[in-house]
Structure formats: structure tokens, C-alpha cells
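Subject: Handing over the structure

Hi,

Here is the structure I promised to pass on. Have a look at it first, and then read on for what turned up in it.

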Amino acid sequence: MAGSPGSRPGDGMRVAVVTGTAQGIGAAIASALEADGVRVFGFDRDRVDITDEGQVESYFAALPQVDILVNNAGGVCGQTFSPLEEVTDESWRAVVDANLTGTFHCTRAVVPGMKRSGWGRIVNISSTAARSAGVISPAYNASKAAMEGMMRGYAARVPLGRFGTPQEVALAVVMTVCNGFVTGQTVAVNGGVMFI
């Protein structure tokens, strides 16, 4: 399909890395990208610990040019419904590292190549806990909100710098109407001018 994530004019299929692919959302994302013609490299913690800078750098150094990064790995690290006063420093760091530091390590690894090639997509899987009153875990809520903030800071320095096309707006409409779990959302198709 023209304009699909898998198409790369002139030099073959696009390459994606999806973190946290052992099961659930990560596995589904990897399968969907593969079905759309993208070459997908996926891993989970048993292969690469995203909180370890050295492991991340080694993993990405061994790959071809990465065009698409989906930061899906993370989680609550066993913390659910924990009152703030019961969260230890160690457990706080475990959650923040899993959600925020790991996203930072992976994003930092791919951005230079994306800048060189002039094309790239980074998708962070966040949570409603980032923007609403959440009771899952104070560290989880904070780390997901910080993850969104980190990407806003990056994109503000590197906006797309062009007007959107009617086809790009149409793709957002198709995505919205075809996904039965998307409702009541504001979908910003604006090249990074404004974040909702």
C-alpha cells in the first residue's frame, strides 16, 4: 500500500524496533507492523534490559538503520495501589527506570540515524495514568507523565516543518474509525506544532 509504514522509496522496507514484545500490546504491535510490510526487531527484558545503557547501545549498534521505534516496555514492577508513603526509594527507581529511563535510552539510540536519513517515527505507549487521577502507582503515574513531557521537548526542537497533506488527515480518520477502542479523543494531526 502506498504510504504505508513499510514502504521506503528506493531502498527497501522500513525497519522497526518494538520493545516489550513478549506478550500483550507489544506482541500485537509487532505483528501489525509486520503485516504492513515492516521488518520488525522486537525484544523483552530477557534479551535487553532497557534500563541498562550499555545493553541498549549494544543492541541498537548491531541493527540496520531504525526507521520506527515503539517504546512499549515498562510497567508497574509489582507496585499496584501503593500509598505514596509506602513506596521505597528502590521501588520508585525501578518503575521510573522501566518507564522513563528505558524510553530515553532507546530514543537516544535511534534519533541520530533518523536525523541523518531525514525520516523516522517514534511512538511511546503511555497510559491514561499520565493525564488523569490514577491510583495504580505514584511512580507509574509520574513516569508516564514524564515520558510524554520528554518527547514534547524533543519534538519542539525538531518539528516536521511542512504542511500536512489531505492523505495524512485521512489516515488519522481511518485509524480512529477502524479501532474500536478509540473514543472521545482529540487526535492531533499537526506535525508537532501543538501537543494535546
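Let's begin in strand β3, where I68 and V70 point one way and L69 and N71 the other way. All four of these β3 residues are buried. Before going further, please keep in mind that this is a predicted model.

**The overall layout**

Stepping back, the protein chain holds five helices and four strands. If you follow the sequence from start to end, the pattern reads β-α-β-α-β-α-β-α-α. There are 196 residues in the protein chain, and 33% of them count as buried. Among contacts with a separation of 6 or more, 62% are between residues 24 or more positions apart.

**The sheet**

The four strands form an open sheet in the order β2-β1-β3-β4, with parallel pairing. β2 (39–43) and β4 (121–124) are the edge strands, and each has a single partner, so one side of each has no neighbour in the sheet. From one strand to the next, the twist averages 15 degrees.

Here is how the pairs go, moving across the sheet:

- β1 (residues 15–19) pairs with β2 in the parallel sense, over five bridges. In β2, V40 is the bridge partner of A16, and G42 is the bridge partner of V18.
- β1 and β3 are also parallel, with three bridges between them. A16 turns up again here, standing opposite I68 in β3.
- β3 and β4 pair in the parallel sense over four bridges. I122 in β4 is the bridge partner of L69.

How many residues of β1 are buried? Five of the five are, so β1 is largely enclosed by the rest of the structure. V15, V17 and T19 point one way from this strand, while A16 and V18 point the other way.

**Helices on the sheet**

Two helices are worth finding next. α1 (residues 24–35) lies across β1, β2 and β3 (68–71), and runs at about 170 degrees to β1. α3 (residues 89–117) lies across β1, β3 and β4, and runs at about 170 degrees to β3.

α3 deserves a second look. With 29 residues at 1.5 Å a residue, α3 should span 42 Å, and its end C-alpha atoms are 41 Å apart, which agrees. There is also a bend in α3 of about 45 degrees at D97. After α3 comes G118, with a positive phi near 80 degrees.

H105 sits in helix α3 too. Is H105 buried or exposed? Its relative accessible area is 9%, under the 20% cut-off, so H105 is buried. Leaving aside neighbours within four places in sequence, H105 is in contact with I50, T51, D52, E53 and V56.

**What is packed inside**

As a bit of background, nonpolar side chains in soluble globular proteins tend to be buried together. In this model, the largest nonpolar core has 16 residues, and V17, Y59, F60, L63 and L69 touch the most other members. β1, β2, α2 (53–61) and α3 each supply at least two residues of this core. Apart from it lies another core, of nine residues, including A16, V18, I29 and L33.

V17 is a good residue to click on. Not counting residues up to four places away in sequence, V17 touches F41, F43, Y59, F60, L63, V66, I68, L69 and V70.

One of those contacts, F41, lies in strand β2. The relative accessibility of F41 is 18%, so F41 counts as buried. Which residues does F41 touch, not counting those up to four places away in sequence? They are V15, A16, V17, V18, Y59, L63 and P64. F41 and V18 are 23 residues apart in sequence, yet their C-alpha atoms are 6.4 Å apart in space.

**Where to start looking**

If you want a short route through the model, I'd go from β3 with its buried residues to the fully buried β1, then out to the edge strands β2 and β4. After that, follow α3 to its bend at D97 and on to H105. Finish with V17 and its contacts, among them F41 and L69.

Happy browsing, and shout if anything is unclear.

Cheers

Definitions and conventions:
Residues are numbered from 1 along each chain as its sequence is written. This is a predicted model: local features need pLDDT of at least 70, side-chain atom pairs count only at pLDDT 80 or more; totals for chains, interfaces and linings use all residues. Side-chain values use heavy atoms; hydrogens and water are left out. Two strands pair if DSSP finds at least two bridges between them. Axes are lines fitted to C-alpha atoms, for helices over the stretch in contact, and angles run from 0 to 180 degrees between N-to-C directions. Contact means heavy atoms within 4.5 Å. The expected span of a helix is 1.5 Å times one less than its number of residues. The bend at a residue is the angle between axes fitted to the seven residues ending there and the seven starting there. A nonpolar core is a set of buried Ala, Val, Leu, Ile, Met, Phe, Trp, Tyr and Cys residues joined through side-chain atoms within 4.5 Å. Buried means under 20% relative accessible area, exposed over 50%, partly exposed in between (1.4 Å probe, protein chains only).
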